[in-house]
Amino acid sequence: MASTVVAARGRAGETSAPAVEAQGLARRYGTVWAVHDASFRLERGQFLTILGPSGSGKSTLLKLIAGFERPDRGQLRLFGANMDGVPAHRRPIGMVFQRLALFPHMTAAGNIAFPLEMRRFDPREIPARVARFLKLVRLEGLGDRRPHELSGGQQQRVAIARALVFEPELLLLDEPLASLDVRLKEEMQLEFRRIQRELGVTTINVTHDQREALVLSDRVIVMARGRILQEGDPETVWRNPAHPFVARFLGVGTMLRGQAEPGPAIRIGDRLLPGRAPNPLTAPRPGQPAVAALRAERVRIGTTGALTENGTRLAARVADVVFEGERVLYELVVPELGEAQLRAVDLDPGSHARHRPGAEITVSWSPDDLLLFDASLDPGSDS
Ligand SMILES: Nc1ncnc2c1ncn2[C@@H]1O[C@H](COP(=O)(O)OP(=O)(O)OP(=O)(O)O)[C@@H](O)[C@H]1O
Ligand SMILES: [Mg+2]
């Protein structure tokens, strides 16, 4: 079995099969489908992020790929080879977990050498290879330290070097940055990106941090309740969320409920708001309940500037003003939409007058920015 995997790895383009092909993968615990009918493919050298809330099945999907769990249904191919019955240690995979599990009694260099010893690399080659990977993660000169003598970020780097040192074809990351503070996290995200590009290793990263997904990835998968709701490149997922859950999860700011009308449009009270349905599969049917997602930064404040064709302009009252440093967030109430709440942001607060709570202002947006969905798909604000 090992030889099939090795043959299928095909480093020098022996085969052009994708890195990952999952077809209807599913895993059940008791009566709960932790992963349900997961199908996707990932090309070689790409960076994929699986994004979703806690309990959505991200880790389970990663474990199915790693071989730590067996699927109840479906099929997985890695680099063209069928993984049925192939145990984890025979798969061409390196993995970094949220809890790092470095060996505390071993030095950084010892930790990095460990997978090489396990795989019976030539002992004469090991020191040079360990030195090369210490350099890759920028820990030159720190190889003799034990984990407790290293900072959190340095420990993460040891774990990354340990996962990569035997040059796996596929790197799996299960929220390895979740416990770091924001600045270190952002630094390590860029570090991941650099290392991934330098080595060209196909990578699957799991996170519930949407910013991380957008920053790092060539491809993004959004999961909820064990299902893949959307797969695409970061910009497409950001601009065209295919499902109201994805829109909520990516933080669009405002969700308005009403009734679907042809156009497409949504009717709220007496007002007809033209919009766009990003995906025919989740589009609302005229006459049925609809939900509209509107990103706060696409709402224009004030009456200056022409209204886009078919655009919407409404009077609003400022309910709250939140200064966030580089931007100001307005919580608004719109009487004409039945006192609906709406969010808007001023992205250049230094150049604009600040509106105070109680102020009457005007807001407008283009129909392109009002995303319409079938309301029965919307999980509501509490999930
Ligand atoms: N070994 C297990 N036994 C029973 N249920 C499990 C097991 N592992 C996971 N589950 C359940 O499967 C579902 C998916 O869990 P999973 O760990 O894949 O989620 P996740 O997206 O990684 O969440 P988190 O962001 O919290 O890590 C959850 O409902 C979880 O309770
Ligand atoms: Mg998890």
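Reader: What handedness does the crossing of α5 and α6 have in this model?

Author: The crossing is right-handed; the term applies if the near helix is turned clockwise from the far one by less than a right angle, and anticlockwise would be left-handed. The model is predicted, with local features needing pLDDT of at least 70 and side-chain atom pairs pLDDT 80 or more, while totals for chains, interfaces and linings use all residues. Residues are numbered from 1 along each chain as its sequence is written, chains are lettered from A and ligands numbered from 1 in the order in which they are written.

Reader: Why is α5 called roughly parallel to α6?

Author: The axes of α5 (residues 152-164) and α6 (residues 182-199) come within 11 Å and cross at roughly 20°. Angles under 35 degrees count as roughly parallel, over 145 as roughly antiparallel, 65 to 115 as roughly perpendicular and the rest as oblique, so α5 is roughly parallel to α6.

Reader: Which residues of α5 and α6 meet?

Author: Gly 152, Gly 153, Gln 156, Ile 160 and Leu 164 in α5 meet Leu 184, Glu 187, Met 188, Ile 195 and Leu 199 in α6, contact being C-beta atoms, placed from the backbone, within 7 Å. These residues divide into 6 nonpolar, 3 polar and 1 charged. Gly counts as polar and Glu as charged.

Reader: What makes α3 and α4 oblique to each other?

Author: The axes of α3 (residues 108-118) and α4 (residues 126-136) come within 10 Å and cross at roughly 120°. That angle fits none of the other classes, and the pair is therefore oblique. The crossing of α3 past α4 is right-handed.

Reader: What is the make-up of the contact of α3 with α4?

Author: Ala 109, Ile 112, Ala 113 and Leu 116 of α3 face Ile 126, Arg 129, Val 130, Phe 133 and Leu 134 of α4. The division is 8 nonpolar, no polar and 1 charged.

Reader: Why are β13 and β20 said to stand at the edges?

Author: The open sheet has 5 strands in the order β13-β12-β11-β14-β20, with antiparallel pairing. β13 (271-274) and β20 (370-374) each have a single partner strand, so one side of each is left without a neighbour in the sheet. From one strand to the next the twist averages 45°.

Reader: How do you know that β11 and β12 pair?

Author: Pairing needs at least two bridges found by DSSP, and 3 bridges join β11 (residues 253-261) to β12 (residues 265-268). In one of them, Ala 260 has Ile 266 in β12 as bridge partner.

Notes
Axes are lines fitted to C-alpha atoms, for helices over the stretch in contact, and angles run from 0 to 180 degrees between N-to-C directions. Helices (H or I, at least four residues) and strands (E, at least two) are DSSP runs, numbered from the N terminus. Two residues are in contact if their C-beta atoms, placed from the backbone, lie within 7 Å.
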